[in-house]
Amino acid sequence: MSDLTKQEREQFLADVHVGVLTVADVDGRGPLAVPLGYLYEPGGEIRFATAKDCRKMTLVRAAGRVGFLVQKEQLPYRYVSVEGPVVGEHQTTPDEHLTMSIRYFGPQEGRSYFEMSKHALSGMVTVRVLPQRWRTYDSSDELP
């Protein structure tokens, strides 16, 4: 088992994955863990969009910090897990929504998805998270 270098972990996080957001819950429940699309550039912040009044956002605002995980499910297995503070939120812009739609669906389907869903933008916020604590795993050196 080995850890990824700083450059490797940041590039892995920047690649297209479905992320898993975790945030502390209340009333003795375990943390909320939900899959979602996101944007990240090495050295920057993780950004994801969600409904501004959903349970997830209520918990994110209350906790002020989150965990975030991306993984590769084929050999060699890898993951990057980060924890950090929420450093801001703003109404999701059409450009952000289009960029994320194309990232996850490709150019043609992404534009179609954007057109179909842009009516919901008024109820969406983009959350910015600063990665502070990193955990990584790379099984490459364990393979024959």
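**Figure 1. Val 20, a partly exposed residue of strand β1.** Val 20 has a relative accessibility of 29%, so it counts as partly exposed. The model shown here and in the other views is predicted. Val 20 belongs to strand β1. Beyond its neighbours within four places in sequence, Val 20 contacts Ala 33, Val 34 and Pro 35. Gly 67, Phe 68 and Leu 69 are also in contact with Val 20. Ser 81 lies 61 residues away from Val 20 in sequence. The C-alpha atoms of Val 20 and Ser 81 are 9.2 Å apart.

**Figure 2. Phe 68 and the largest nonpolar core.** The largest nonpolar core holds 25 residues. Phe 68 is among those with the most contacts inside this core, together with Leu 13, Leu 21, Tyr 38 and Ile 46. Helices α1 (6-14) and α2 (55-63) each give two or more residues to the core. So do the strands β1 (19-23), β2 (32-36), β3, β4 (65-72), β5 (78-91) and β6. With residues up to four places away in sequence left out, Phe 68 touches Leu 13, Gly 19, Val 20, Leu 21 and Thr 22. Leu 36, Tyr 38 and Ile 46 also touch Phe 68. Val 80, Ser 81 and Val 82 complete the list of residues that Phe 68 touches.

**Figure 3. The buried residues of α1 and their cover.** Arg 9, Glu 10, Phe 12, Leu 13 and Ala 14 are the buried residues of α1. Leu 13 is also one of the residues with the most contacts inside the largest nonpolar core. The cover over the buried residues of α1 includes the strands β3, β4, β5 and β7 (133-138). Helix α3 is also part of that cover.

**Figure 4. Ser 2, ahead of α1.** Ser 2 sits in the segment before α1. Its relative accessibility is 23%, which means that Ser 2 counts as partly exposed. Not counting residues up to four places away in sequence, Ser 2 touches Thr 136, Tyr 137, Asp 138 and Asp 141. Met 57 lies 55 residues from Ser 2 in sequence. In space, 34 Å separates the C-alpha atoms of Ser 2 and Met 57.

**Figure 5. The largest pocket and its lining.** The largest pocket encloses about 310 Å³ of space. Its lining comprises 19 residues. His 97, Met 100, Ser 101, Tyr 113 and Met 124 lie nearest the pocket centre. Two or more lining residues come from each of β3 (46-51), α3 (94-105), α4 (107-117) and β6 (124-129). Helix α3 gives the largest share, with 6 residues. By type, the lining has 11 nonpolar, 6 polar and 2 charged residues.

**Figure 6. Ser 117 in helix α4.** Ser 117 is part of helix α4. With a relative accessibility of 12%, Ser 117 falls under the 20% limit and therefore counts as buried. A polar atom of the Ser 117 side chain lies 2.7 Å from the backbone oxygen of Tyr 113. Tyr 113 is also one of the residues nearest the centre of the largest pocket. Asp 15 is 102 residues from Ser 117 along the chain. Their C-alpha atoms are separated by 24 Å.

**Figure 7. His 119, in the loop after α4.** His 119 is placed in the loop between α4 and β6. Because its relative accessibility is 63%, His 119 counts as exposed. A polar atom of the His 119 side chain lies 3.2 Å from the backbone oxygen of Met 116. Pro 94 and His 119 are 25 residues apart in sequence. Their C-alpha atoms lie 10.0 Å apart.

**Figure 8. Backbone geometry in two loops.** Most residues other than glycine have a negative phi, and most peptide bonds are trans. Asp 27 has a positive phi, near 60°. Asp 27 lies in the loop between β1 and β2. At 76% relative accessible area, over the 50% limit, Asp 27 is therefore exposed. The second loop lies between β4 and β5 and contains Pro 76. Leu 75 and Pro 76 are joined by a cis peptide bond. Omega for this bond is about -10°.

How values were computed. Residues numbered from 1 in each chain as written. Predicted model: local features only at pLDDT ≥ 70, side-chain atom pairs only at ≥ 80, totals over all residues. Heavy atoms only, no water. 1 Å grid on protein atoms, 1.4 Å probe; cavity = no way out; pocket = protein on both sides within 12 Å on 5 of 7 lines; lining within 4 Å. Points joined across faces, edges and corners; volume = space filled by probe spheres on them. Helix = DSSP H or I, 4+ residues; strand = E, 2+ residues; numbered from the N terminus. Nonpolar A, V, L, I, M, F, W, Y, C, P; charged D, E, K, R; others polar. Core = buried A, V, L, I, M, F, W, Y, C linked by side-chain atoms within 4.5 Å. Buried < 20%, exposed > 50% of the residue type's maximum accessible area, 1.4 Å probe, protein only. Contact = heavy atoms within 4.5 Å. Polar contact = N/O pair within 3.5 Å; in protein donor to acceptor, adjacent residues only side chain to side chain.
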